[in-house]
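Student: I have a structure open and would like to talk it through with you. Can we take it topic by topic?

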Amino acid sequence: MKLTFLALFLCVTGLFATEATSQVAKVTIKAQSVPFKEILSNIEKQTEYYFVYDKRDIDLNHKVSINAHEKTVEEVLSTIFRNTDIVYAMKSNNIILMKSSDRMLAMMQQTNRKIITGIILDQQGEAIIGANVMEKGTSNGTITDIDGSFTLEVASNATLQITYIGYTTQDVQVKNQSSIRVLMKEDTQNLDEVVVVGYGVQKKANLTGAVSVVSSKDLKDVSSSSVSQALQGKLSGVVITKSNGQPGASSDIRIRGMGTFGDNAPLVVIDGIPADGGLESISSSDIESVNVLKDAASAAIYGSRAANGVILVTTKRGVSEQSSISVDGYFGLQRITKYLDMCNAAEFVELQNEAIANANRWISGSNITPYFTNSPASYGKGTDWGKELFSVAPTYNINVSAQGGSQNSSYYMSGGYVNQEGILENTSYNKANFRINNDNKYGERLSFGTSINLSTSLQHGTSNAAGDAYNTSPTIPLYEADGVTPGYAKHAGENGISPVYMANLSNPDHRTYKVLGNIYAEYKIFDFLRFRINAGLDFNYYEKKSFTPTYNIADRYGNTRSSYEETRGKNVTWLTDYLLYFDHTFSSKHSIDGMAGFSQQLTTDDDIYGIAYDYVSESKNMQILNGGTNPTDSRNSGAKSQLAMMSWFGRINYNFADRYLFSFNLRADGSSRFASGNRWGFFPSFSGAWRISQEEFFNVPAISNLKLRVNWGQLGNQSVSGRYPTIATLSNMSVLMGAGGYNHTIVPGYYVANLVNKDLKWETTTITNAGVDIGLLNNRLTASAEYYDKRTSGILRQQVIPGTVGLGAPNVNFAKVANRGVELEINWQDKINNDFSYFVGANISTVRNKILQLSDGKDEELRDGGHRDTYINKVGHAIDSFYGWEMEGVYASQEDIDNSPTYGSAIVGSIKFKDQNGDKKIDADDRVILGNSIPKMTFGFKLGAQYKNFDFSMFWQGDLGKKQFMPYEKWLNDGGINYGKWWYDNRWNGEGTPG
């Protein structure tokens, strides 16, 4: 049927007041470059609609493409008429097409609006205050009042969008209604939540790998100066420990145990850019989510860099047409939670005197004069060096952010500052950072944006003084009698100089400057195909400066040569990614999405070092390398190295009816570390999942989600000492040449420093993982359980060779290590009413670390670790197990010594060790493995609640089943060093006493 334009115009005022059944009728149309008339005919066949138009205004031969599956008629019409001058209106079963004009549209907008009122309620029927009610597709909106009510003028065919924190978004069609009543549904666990994975995102419900997620809210609840500390205990299978207690100290992160003898740190990726130390350079306030890829199925897309797991950090982005400014901060006080329980001065003197008396009694020929002649009680408490060196220290953090944008552009900007005074004397840390994220759209197909983070930090002081708190004798005062001279040891029974003085003597500074950023562009070639380019930069510059002055304490202790040393260096990584994404649904049940990519990376390290001596002035202005007056002893050095990588990778995901999920990943990495022929490594993974809860036969109302997962895959590792492990390196040396005496010449030269192994290749980690996810009671209760078996072979390490070789050992692919364990996460969250909500969560994980193979022909290797042969790597046991003699008590008498296995230095009262092999003597063969530092179990527990605008949260985390090595206990027999209180209370002092 054809009507004139005049007839259409006369009826336009009534068109939009009618009910539009296009909101209900849905069509499926797939067409590639076909005329308008074929699309319109297809719609008429699938619905009860008829199109009305003037053929003089509508070009029916204009060709369009569309791929619509179960879409409303309105959505289809909006798609095909986009970027044309055609508008449409609906009247009963007629759809009227016409040419647009500014005058007509203005009239339509003025004459087709209505007032809509409504009330927004929760599932208990209570009013929701402050819910957002928006006319979808516009900036027209309002919020509900104290009764949950609202009034809004909207277009007659409008769709209202209602949002409120903690509830799923609701879209309500106005149609011919003048008043609506909306019941909001709680969003306790949204299975449509998008989770960040390698080079993309996936719906949480469709994950086939082991991925743990920490949201921005979880991080916001923790007051911490670093992101790694904020993550402690929140992720099953992830152990995070600080390397030391100094402010700003880095953290050691281990995912599912230790898989290699070298670097076990995971790969950190921030907004798509691998970041060296990046976790500590950004602010936790800027983070939207942290996703940890723990198994091969999820991490294999990163190939060679993923053997130790992957941490993906996504920062916050702006939201178009929603502007906001946020200020958050905290102030806190830090203190040491537990001091080592050491002897006071009286107890220390008592032990010293007892030791001398016992030596004179039991050691033949011993006649030692007591160090302390006064009674022990006269020395009193003495100096508690732990409490003198450690104190309560303030810390604060402030962060300001702003976000907003227009319809086609958005931004997020933030600036933050952290200041942390150390609990240890003369230590501190501060950090400033600035971030800007920007996203833009140009038309419907092109988008581009940037992410830039700038940061600088200053770490002051050193943690070395912490050990002095327990080494220094408690009989030494803080200051001598003059109140100026620092306390010092005055006779043989004491040891040390006031550690407070020593801590303030040296002032090392470590300053860093970091730029981490990327720029991207993405073009949608078709609705199912898009191409993306990422270009990233990770720039790190650092300075380490330390000045050691001269000092003299009572002409007994001191330093006669001042010195200054400085290190400067930079690390620069350039990265480019070229990514092609495919996503297509072939029918109502079959969908495939995939990704193919190519990546290049170049890392350059460059550093210089210098040290100078004998400064005339020790003022701050003179603390430079040129300030030293002794050029003979001054030294300098420098180095530069590069590492290049090239990668091809891809992923295919198949989804059948949201029930059966399959995924395949493959990555090929080439590294300049390896010689030709072994340069490339190939790392595949396979995974599958079955969503039982989506099956038609599954009808258990209490179970809202049930999914089984299984996967297998391989990951690579190229971390080995040095950038050039397969190339013989040269070192410089100067030698004397000539006949002898004064007739010689210093001749510089070079020599080969190490043996090389041209056959060195990739270290490979193979992971098998099985898991189950379950949601109960509308997903208010969720749980996830994992079992994993992680085996690393061809481990990169230095070969053990005799010292007589005279050259550095080559790197080889020796050893195999296994890690097995289980992980469990469980969470409950609920609302009592509209004002009060709460959550409870826990996670627990276990790991068993075991060496399966060492170097050829060996089943154990000793490592001193700085304390003689303290550690052992032995087949069947954990990496770096503690190794030594097992203590059975003390020798109580000479008879006890005579009846015990032979021990050359045994005297009455000395430690008695166990004869492990029964050969009636104590020697090196009686050493045994005493444990290891890898926790057998880690756990975390959280609890929180929110009442209106107030929230409260608590968090606990810990570990079980590990041993701690205390090197201070090895120094108990060294003169003057203090003793632990346990040794005082349990010491042997004759028959009938402890020991």
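Student: Which strand gives the most to the nonpolar patch?
Tutor: This is a predicted model, and in it S27 gives the most to the nonpolar patch, with 3 residues. The patch covers about 560 Å² of surface and is made by Tyr-523, Ile-525, Phe-526, Phe-531, Ile-533, Tyr-578 and Leu-580, with S27, strand S28 (529–548) and strand S31 (563–585) each supplying at least two residues.

Student: And Leu-580, where is that, and is it buried or partly exposed?
Tutor: Leu-580 is placed in strand S31, and it counts as partly exposed because its relative accessibility is 34%.

Student: Back to S27: what about Leu-516, which residues is it in contact with?
Tutor: Leu-516 sits in strand S27, which runs over residues 509–526, and at 4% relative accessibility it counts as buried. Leaving aside neighbours within four places in sequence, Leu-516 is in contact with Ile-270, Ile-273, Ala-275, Ser-451, Ile-452, Asn-453, Leu-537 and Asp-538.

Student: Asp-538 again: which side chain does it meet in a salt bridge?
Tutor: The side chain of Asp-538 meets that of Lys-514, at 2.6 Å from N to O. Lys-514 belongs to strand S27 and Asp-538 to strand S28, so the pair ties together parts that are 24 residues apart in sequence. Both Lys-514 and Asp-538 are buried.

Student: How many salt bridges are there in the whole structure?
Tutor: A search of the whole structure finds 32. One of them joins the side chains of Glu-347 and Lys-981 at 3.6 Å, N to O, and this pair links distant parts of the chain, with Glu-347 in helix H9 (residues 345–362) and Lys-981 in helix H14 (residues 981–985), 634 residues apart. Both Glu-347 and Lys-981 are buried. Elsewhere, Lys-707, Arg-709, Asp-773 and Glu-786 are linked in a network of salt bridges.

Student: Switching to helices, which residues of H4 are buried?
Tutor: In helix H4, which spans residues 73–80, the buried residues are Val-73, Glu-74, Val-76, Leu-77 and Ile-80. Seen down the axis of H4, these buried residues fall within an arc of 160 degrees, so they line one face of the helix.

Student: Last thing: where does pLDDT stay under 50?
Tutor: The mean pLDDT of the protein chain is 84, and 91% of its residues reach 70 or more, but pLDDT stays under 50 over residues 1–23 and also over residues 102–110. Where pLDDT is low, the predicted coordinates should not be read in detail.

Terms used. Residues numbered from 1 in each chain as written. Predicted model: local features only at pLDDT ≥ 70, side-chain atom pairs only at ≥ 80, totals over all residues. Heavy atoms only, no water. Buried < 20%, exposed > 50% of the residue type's maximum accessible area, 1.4 Å probe, protein only. Helix = DSSP H or I, 4+ residues; strand = E, 2+ residues; numbered from the N terminus. Arc of directions from axis to C-beta. Contact = heavy atoms within 4.5 Å. Patch = residues over 30% accessible without salt bridge, like charges linked within 9 Å, V, L, I, M, F, W, Y side chains within 5 Å. Areas by Shrake-Rupley, 256 points an atom, 1.4 Å probe, with all protein chains shown as cover. Salt bridge = Lys/Arg side-chain N within 4 Å of Asp/Glu carboxyl O. pLDDT = per-residue confidence, 0-100.
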